[in-house]
Amino acid sequence: MENLDALFAGFAVALVPGNLGLMVLGVMLGIVIGVLPGLGGANGIAILLPLTFAMPPVSAIIMLSCIYWGALFGGAITSILFNIPGEPWSVATTFDGYPMAQQGRAAEALTAAFTSSFVGALFAILMITAIAPLIAAFALRFGPPEFFAVMFLSFASFVGLTQGSAWKTLAAMMAGFLMACVGLDTVTGQLRLTFGSTELLRGIDFLVAVIGLFGISEIMIAMEEGLAFRGATARIDPKVVSQVWKALPRHWAIALRSCVIGCWMGVTPAGATPASFMSYGMARRLSKDGPTFGTGRIEGVIAPEVANNAAGVAALLPMLALGVPGSPTAAVLLGGLVMWGLQPGPMLFIEQKEFVWGLVASMYLGNLASLVVVMALVPWFAAILRIPFAIIAPLILIACAIGAFTVNNAAFDLVLMLVFGVVGYVMKKLDYPLAPMVLALVLGNRTEQSFRQSLLLSDGSLGVFFGNWLVGSIMAVGFLMLFWPMLGRLRAAVLARLSR
Amino acid sequence: MADHRGGVRARTAELVAAAAIAALGALVVADAYRIGIAWDLDGPQSGTFPFWTGIIMITASLVTFTFAAFGRSRVLFASSQELASVARLFVPACMFVAGVLVIGLYLPAAALVAWFMAVIGGYRLTTAALSGLAASGVIFVVFEAWFLVALPKGPVEALLGY
């Protein structure tokens, strides 16, 4: 009940006219960001982060998180209308959404996509409201070894849940940790990995890395593919909406399953993209008419859209409760928290009640606002893509440059941004995952600190990570996740031998 | 490159990337070793964490390298044509950043917009140039005037009194 009171207090914070205005502004910006290839949730927020320094933290997080919701909704628009996913997590939506649009059922597909997005998000927010305070209260008992174990668990799950090569995930992650080490070591005051460069003294700021890795590289890929938009227009007419809404409850099983997949993949840092693919795959495999998926079935839109929004929202749960973000975008928001002078982690729920519950309340309102805005303004957002790429591309480049510069007011960061752009381009083309690298860069210092503090406690013995049941079991789950793919293969081999 | 379509093969790119990561790892390990990886009075020395991280990174990329070296694939990483279109974006982007370092952000931003519109979009030169200046103007109003964020400025802005 105490939480419910806190939540209502949060609504009071979020419903202040100024915050409501920022919410709508954020949602609109987010949808634009979601529609434009080359601007994603993570780097869109990273670019806009410096503009929020002057705002009170609650208003700032409300605006930035609403950009995130908007981007989660907006990704579907271009997937369905143009077969161009505005965001990686809406790729699975193109499989059935685009065929539907070609059959003249664009409005139906869009309505289904937006409604599903809302359902997924709502499910995840309810989960956060119910569970986050409990996890935070539990985490207050954590010491350095437990925190290291939680970080270990989330990074190990990356390796275990990775869909491509686990070795590449590992390499990318370690590169992120190493980038976090660059600069001054806060414990001993020693310079590390600067190789005599004064520019590297500051360290590598992850916002600059995010803007390069996600933003610049995305425009390079868009350029390589030679973007050519075919103008398709869409209006959503109320009759279609009511028809689709009447039909949707029949698919409750798919929606529920996708909610669960999404929440799970969001909390473990696998993220929205694999969640949408997995949910689509499950829907196809478990359906009686599996083979007709891909020809314009509404289930093929519902499943990925529910899952990616659930995952996107659920990624904020570990960020709020533990200070360990579940996705690159959550990592950027976490970076924002630090810049606004808040200490992420379980103490947030005690020291910054207003902030946390204001944010949670704004999640409910922000997603509702996204649904309304996106339904009403679809034709306008779709029209953005008719602005030629030759105009959009330089503007995105300039926006990235301004974002990267304002982080530290350092022109050298622009050079870093370009370098990260090339790195991101090559990584994307070679299937090196970007998310673990960014998360490692964000969490690197805290991971290392908790590791060192734990070792200090134990006088250098690694046994401290198995010292009590709590830390021991988190570590054990971590190892399980780490070797999950190997265990799967082992099981298959054993079964094959038994059946012979 | 023997491929008749021309371009960079995925396998080549894979090998180069893995080798580069391993080399970077070696550099890190060397630097970490220099700082010290032993136990000190105040816990592990500064090099310990990067040292082991570097070791894992080297191992992981060597495995990737080996897989790629034994794999037989004729898939392209990018065709020459694709690389050329990426260069059409990347070269102006580098010039833009170089410009920002020397004369501030506003003029290079205008030039970047104008260049893209004229060369890639095929607009008339005057239209492109005016759009570029307009874009710079909007950026100025939004950042310097509304949000009070100072962007890099050079001699031309100084002449105008900023």
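This tour moves through a predicted model of two chains, A and B, from the whole complex to single residues.

**The complex as a whole**

Begin with both chains displayed. The predictor assigns the complex an ipTM of 0.92 and a pTM of 0.85. If chain B is coloured by confidence, its mean pLDDT is 88, with 97% of its residues at 70 or more.

**Chain A**

Select chain A and show it as a cartoon. Its secondary structure comprises 22 helices and two strands. The radius of gyration of chain A is 22 Å, close to the 23 Å expected from the globule rule for 500 residues, so chain A is as compact as a globular protein of that length. Aligned on its principal axes, the C-alpha atoms of chain A occupy a box of roughly 70 × 65 × 50 Å. Of its 500 residues, 61% are buried. Where contacts in chain A link residues at least 6 apart in sequence, 79% of them join residues at least 24 apart.

**Chain B**

Now hide chain A and select chain B. Six helices and four strands are present here, and they follow one another in the order β-α-β-β-α-β-α-α-α-α. The radius of gyration of chain B is 24 Å, well over the 15 Å that the globule rule gives for 162 residues, so chain B is more spread out than a compact globule. Its C-alpha trace spans about 60 × 60 × 20 Å along the principal axes. Buried residues account for 33% of the 162 residues of chain B. Among the contacts in chain B with a separation of 6 or more, 59% are between residues 24 or more positions apart.

Colour chain B by domain. The domain assignment divides it into domain 1, residues 7-74, and domain 2, residues 80-159. The centres of these two domains of chain B, taken over C-alpha atoms, are 38 Å apart.

**The contact between the chains**

Restore chain A and select the residues on each side of the boundary. Here 49 residues of chain A are in contact with 50 residues of chain B. On the chain A side, the elements that contribute two or more residues are α8 (166-181), α9 (206-224), α18 (389-408), α19 (412-429) and α20 (435-458). Helix α18(A) supplies the largest share of that side, 11 residues. Colouring the chain A side by residue class shows 36 nonpolar, six polar and seven charged residues.

**The largest nonpolar core**

Next, display the largest nonpolar core, which has 231 residues. Those with the most contacts inside this core are Ile80(A), Val210(A), Ala310(A), Ala401(A) and Val438(A). Helix α4 of chain A, residues 57-82, gives the core its largest share, 18 residues. Domain 1 (7-74) and domain 2 (80-159) of chain B both contribute residues to this core, so the core lies between them.

Centre the view on Ala401(A). Which residues does Ala401(A) contact, leaving aside its neighbours within four places in sequence? They are Leu414(A) and Met417(A), together with Val97(B) and Val100(B).

**Two residues with positive phi**

Most residues other than glycine have a negative phi. Select Leu193(A), where phi is positive, near 50 degrees. Leu193(A) sits in the loop between β2 (191-192) and α9 of chain A. Is Leu193(A) buried or exposed? It has 24 C-beta neighbours inside 10 Å and therefore counts as buried.

Then move to Asn409(A), whose phi is also positive and near 50 degrees. Asn409(A) is placed in the loop between α18 and α19 of chain A. With 12 C-beta neighbours inside 10 Å, Asn409(A) counts as exposed.

**A glycine in chain B**

Finish at Gly99(B), within helix α3 of chain B, residues 80-103. Gly99(B) has 18 C-beta neighbours inside 10 Å, so it counts as partly exposed. Beyond its neighbours within four places in sequence, Gly99(B) is in contact with Leu107(B) and Pro108(B). As a last step, draw a distance from Gly99(B) to Gly154(B): these residues are 55 apart along the chain, and their C-alpha atoms are separated by 10.0 Å.

Key: Residues numbered from 1 in each chain as written. Chains lettered and ligands numbered in written order. Predicted model: local features only at pLDDT ≥ 70, side-chain atom pairs only at ≥ 80, totals over all residues. Domains from an automatic or database assignment. Core = buried A, V, L, I, M, F, W, Y, C linked by C-beta atoms within 7 Å. Buried ≥ 20, exposed ≤ 12 C-beta atoms within 10 Å, placed from the backbone. Contact = placed C-beta atoms within 7 Å. Rg over C-alpha atoms; globule rule 2.2 N^0.38 Å. Nonpolar A, V, L, I, M, F, W, Y, C, P; charged D, E, K, R; others polar. pLDDT = per-residue confidence, 0-100.
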